[in-house]
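Q: Please take a close look at one part of this model. I would like the nonpolar core and the aromatic rings tied to it, followed by the helix features around them.

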Amino acid sequence: MTANATHIPADTIAPRRRNRAWAKFAANRSALVGGVFVLFFTLLALLAPVLPIPDPTATDWGVIRKPPSAEHWLGTDEIGRDILSRMIWGARASLMAGVISVVIALGVGVPLGLIAGYFGGWIDQIIARMTDALLAMPFLIMAIALAAFLGPSLTNAMIAIGLSAVPIFIRLTRGQVLSVKTEDYVEGARAIGLGHLRIMGRYILPNVIPPIVVQSTLTIATAIIAEASLSFLGLGQQPPAPSWGTMLATAKNFLEQAPWMAIWPGTAIFVVVMGFNLLGDGLRDALDPREHG
């Protein structure tokens, strides 16, 4: 190294990368729109218990299948329940299912992918072949099978969706680890005698987090659709608890008499899934390592 070489402290590199990533994300209008959609539904879900809305399970036989009005902004359903209230509380079920399912998938898939990619050999072969076998089965079909085996409930639906998404995170993490573990700083950590756990936790895992974050955002959207599908089939949230999927399942019987019963939950699923997809695409562009020195 020459005497006049410039040394940039390592603790200044990460903040600079974060600033560049945020600037690029903020310049992406579609990502910001997606973030607004996600934030809107998240706030609705969190504030549901304190909002001045009717009980989502309360029935009123005098206002059965009434169209949107000043009293019931989104109309009522087949037994007089307020659809706006059920939409807001249904957002809690859908978002909770999406987030918790992905947390389950991360908790199982990331450690297995990290182990497979880092150690290689027979460990990698076993995990990789099992992952390939699971990926051969369509995601939603696997989720339906697991939910049917575990029994109909929102909790079991979240477990089924989470386990079905595990292979995605195993393969992603494994591929990222295989790329990172050959870097000079990892070889240097091995050379000075650091243990496997410390190398994986300090030098490898932090450098594979960005693509995992992006995939998590996109998988939440997939999990929300899966939860709605399971609830539509009677394997998710159970009546009278509100869920967008169960609302659609009921609404299919009244499409001609009360189309608003299907329009609102269908629109909500479309908007929130689009929001997570736009947000995920924006994060992928902002966190692309090729864009950051």
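A: The answer starts with the core, moves to the rings, and ends with one helix.

This is a predicted model. Its largest nonpolar core has 54 residues. Ile-204, Trp-244, Val-272 and Phe-276 have the most contacts inside that core. Several helices feed it, each with at least two residues: helix 2 (29-47), helix 3 (83-119), helix 6, helix 7 (184-191), helix 8 (196-232), helix 9 (244-251) and helix 10 (260-286). Helix 10 gives the largest share, 12 residues. Another core lies apart from this one. That core has 9 residues, including Ile-161, Ala-223, Leu-230 and Leu-235.

Take Trp-244 next. Leaving aside residues up to four places away in sequence, Trp-244 touches Phe-41, Met-87, Gly-90, Ala-91, Ser-94, Pro-265, Ala-268, Ile-269 and Val-272. Ring pairs also join Trp-244 with Phe-40 and Phe-41 in a cluster.

Now the rings. The structure holds 4 aromatic pairs. One of them is Phe-40 with Phe-41, an edge-to-face pair with 5.4 Å centre to centre and 80° between the planes. The two partners differ in burial. Phe-41 has 10% relative accessibility, so it counts as buried. Phe-40 is at 46%, so it counts as partly exposed. Tyr-118 and Phe-119 make a pair too: their ring centres are 5.0 Å apart and their planes stand at 90°, so this pair is edge-to-face. Tyr-118 is buried because its relative accessibility is 6%. Phe-119, with a relative accessible area of 38%, is partly exposed.

A charge also meets a ring. The charged end of Lys-252 sits over the ring of Phe-232, 5.6 Å from the ring centre.

Finally, helix 6. Its 27 residues should span 39 Å at 1.5 Å a residue, and its end C-alpha atoms are 38 Å apart, so the two values agree. Helix 6 nevertheless bends by about 30° at Ala-165. A proline, Pro-167, follows within four residues of that bend. Thr-173 lies in this helix, which covers residues 154-180. Is Thr-173 buried or exposed? Thr-173 is buried, because its relative accessible area is 0%, and buried means under 20%. Not counting residues up to four places away in sequence, Thr-173 touches Val-110, Gly-113, Leu-114 and Ile-212.

Methods: Residues are numbered from 1 along each chain as its sequence is written. This is a predicted model: local features need pLDDT of at least 70, side-chain atom pairs count only at pLDDT 80 or more; totals for chains, interfaces and linings use all residues. Side-chain values use heavy atoms; hydrogens and water are left out. Rings of Phe, Tyr and Trp (its six-membered ring) pair if their centres lie within 6.5 Å; planes under 30 degrees apart count as stacked, over 60 as edge-to-face and the rest as tilted. Buried means under 20% relative accessible area, exposed over 50%, partly exposed in between (1.4 Å probe, protein chains only). A charge sits over a ring if NZ of Lys or CZ of Arg is within 6 Å of the ring centre and within 35 degrees of the ring normal. Contact means heavy atoms within 4.5 Å. The expected span of a helix is 1.5 Å times one less than its number of residues. The bend at a residue is the angle between axes fitted to the seven residues ending there and the seven starting there. A nonpolar core is a set of buried Ala, Val, Leu, Ile, Met, Phe, Trp, Tyr and Cys residues joined through side-chain atoms within 4.5 Å.
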